[in-house]
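Me: I am new to reading protein structures, and I would like a close look at a single part of this one. Could you take me through the largest pocket with care, and then through one residue to set beside it?

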Amino acid sequence: MLDHVSITVSDIAAAERFYDAIMTALDVVKVGRREDWLGYGERARPDHPDRVYLSIRKDVKPEEAFGRHWCFKAQRRAQVDAFWGAGIAAGGTDDGAPGLRNYHPCYYGAFLRDPDGNRIEAVCHHAA
């Protein structure tokens with residue numbers, strides 16, 4: 001459903017350490033960097049319309065909003081575990097350790113807060 005998403009951060013260096021770590025755990029490529037921007041994934045094009053892209057943009061610290069979060073798909077539960085561990089090691093904070101959730105019997109997810117407090121999730125929908 002989504003084509004691209006942008007997340008606001010106040011410290012691009014801290015965000016780069018965090019997002020590089022979690023995106024590597026999820027096998028998502030970094031496609032660019034500037035002093036005010038990071039890019040992950042691949043932009044959709046006419047010959048690749050199913051691609052998805054994430055933009056991290058520097059601005060003022062985002063306001064807290066509990067219901068706002070971004071969830072990334074993982075192909076394996078081990079990727080969810082790696083996402084969570086890498087995020088903690090790279091300056092994120094725990095907001096829900098890896099495990100099964102009550103959304104459906106195979107929903108295996110983990111939640112983190114990035115260094116700016118943005119709520120980030122990874123989920124695998126496959127059975128163990």
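Reply: What follows describes the pocket and its lining, and then turns to the residue D95. Please keep in mind that the model is predicted.

The largest pocket holds about 670 Å³ of space, and among the 22 residues that line this pocket, those closest to its centre are V28, V52, C71, F72 and K73. If you ask which elements give two or more residues to the lining, they are β3, which covers residues 37-41, β4, which covers 53-58, and β5, which covers 69-73. Of these, β5 provides the largest share, with four residues. When the lining residues are sorted by kind, 15 of them are nonpolar, four are polar and three are charged.

For the residue to set beside the pocket, take D95, which belongs to strand β6, a strand made of residues 93-100. The C-alpha atoms of D95 and V28 are 22 Å apart in space, while in sequence the two residues are 67 residues apart; V28, you will recall, is one of the residues closest to the centre of the pocket. Is D95 buried, exposed or something in between? D95 has a relative accessible area of 26%, and because this value falls between the 20% limit for buried and the 50% limit for exposed, D95 is described as partly exposed.

Leaving aside residues up to four places away in sequence, D95 touches F111, L112, R113 and R119. With R113, the side chain of D95 also makes a polar contact of 3.2 Å, side chain to side chain.

Note on methods
Residues numbered from 1 in each chain as written. Predicted model: local features only at pLDDT ≥ 70, side-chain atom pairs only at ≥ 80, totals over all residues. Heavy atoms only, no water. 1 Å grid on protein atoms, 1.4 Å probe; cavity = no way out; pocket = protein on both sides within 12 Å on 5 of 7 lines; lining within 4 Å. Points joined across faces, edges and corners; volume = space filled by probe spheres on them. Nonpolar A, V, L, I, M, F, W, Y, C, P; charged D, E, K, R; others polar. Buried < 20%, exposed > 50% of the residue type's maximum accessible area, 1.4 Å probe, protein only. Contact = heavy atoms within 4.5 Å. Polar contact = N/O pair within 3.5 Å; in protein donor to acceptor, adjacent residues only side chain to side chain.
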